[in-house]
Amino acid sequence: MRTEEFDRLYAYHGNDLGAVWGPSYTEFAVWAPTAEKVSLLLYNAEASRPKISLLMNKTEKGVWRYTLKGNHEDYYILTRYLLMESGMKRLILMLNR
């Protein structure tokens with residue numbers, strides 16, 4: 001539930017969320033202040049399982065970040081969030097391409 005305290009702790013006004021691709025690296029940033037863990041799962045077109053699984057780092061205001069070295073332009077990327085809600089763990093997957 002959103003409260004003044006939540007806003008004070010986690011309101012994020014940056015413009016750098018999402019993925020910023022470059023030929024030698026890609027920077028990922030997602031806002032998930034209530035997540036216990038956030039991972040990036042990279043798939044290529046032929047894979048049914050992730051080729052790469054990476055744990056993101058929690059930084060300021062509940063923003064999770066990871067800089068992936070190398071060119072991964074041809075990968076499909078899932079972001080996996082592990083949340084705790086009302087005493088229950090919840091897993092959320094989001095596709096980024």
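**Close-up views of a predicted model**

**View 1. Ser39 lies in strand E3.** The model is predicted. Ser39 has a relative accessible area of 6% and is therefore buried, the cut-off for buried being under 20%. Apart from residues up to four places away in sequence, Ser39 touches Leu54, Leu55 and Met56. Ser39 also touches Leu78, Thr79 and Arg80.

**View 2. Leu40 and its contacts from elsewhere in the sequence.** Neighbours of Leu40 within four places in sequence are left aside here. Leu40 is then in contact with Ile52, Ser53, Leu54 and Met56. Its other contacts are Phe28, Tyr66, Ile77, Leu78 and Thr79.

**View 3. The largest nonpolar core, made up of 14 residues.** Val38, Leu40, Met56 and Trp64 are the residues with the most contacts inside this core. At least two core residues come from each of four strands: E2 (25-31), E3 (35-43), E6 (63-69) and E7 (76-85). Strand E3 gives the most, with four residues. In soluble globular proteins, nonpolar side chains tend to be buried together.

**View 4. An open sheet of four strands.** The strands follow the order E1-E2-E6-E5, and their pairing is antiparallel. Strand E1 (18-21) and strand E5 (57-58) stand at the edges. Each of these two has a single partner strand, so one side of each is left without a neighbour in the sheet.

**View 5. The hairpin formed by E1 and E2.** Three residues lie between the two strands. E1 and E2 run antiparallel and are joined by four bridges. Ala19 has Phe28 in E2 as its bridge partner, and Val20 has Glu27 in E2. Phe28 is also one of the residues in contact with Leu40.

**View 6. Lys69, a residue of strand E6.** Which residues does Lys69 contact, leaving aside its neighbours within four places in sequence? They are Ser24 and Tyr25. Lys69 and Tyr25 are 44 residues apart in sequence, while the distance between them in space is 4.2 Å, C-alpha to C-alpha. Is Lys69 buried or exposed? Lys69 counts as exposed because its relative accessibility is 73%, and the cut-off for exposed is over 50%. Ser39 in View 1, by contrast, is buried.

Notes. Residues are numbered from 1 along each chain as its sequence is written. This is a predicted model: local features need pLDDT of at least 70, side-chain atom pairs count only at pLDDT 80 or more; totals for chains, interfaces and linings use all residues. Side-chain values use heavy atoms; hydrogens and water are left out. A nonpolar core is a set of buried Ala, Val, Leu, Ile, Met, Phe, Trp, Tyr and Cys residues joined through side-chain atoms within 4.5 Å. Buried means under 20% relative accessible area, exposed over 50%, partly exposed in between (1.4 Å probe, protein chains only). Contact means heavy atoms within 4.5 Å. Two strands pair if DSSP finds at least two bridges between them.
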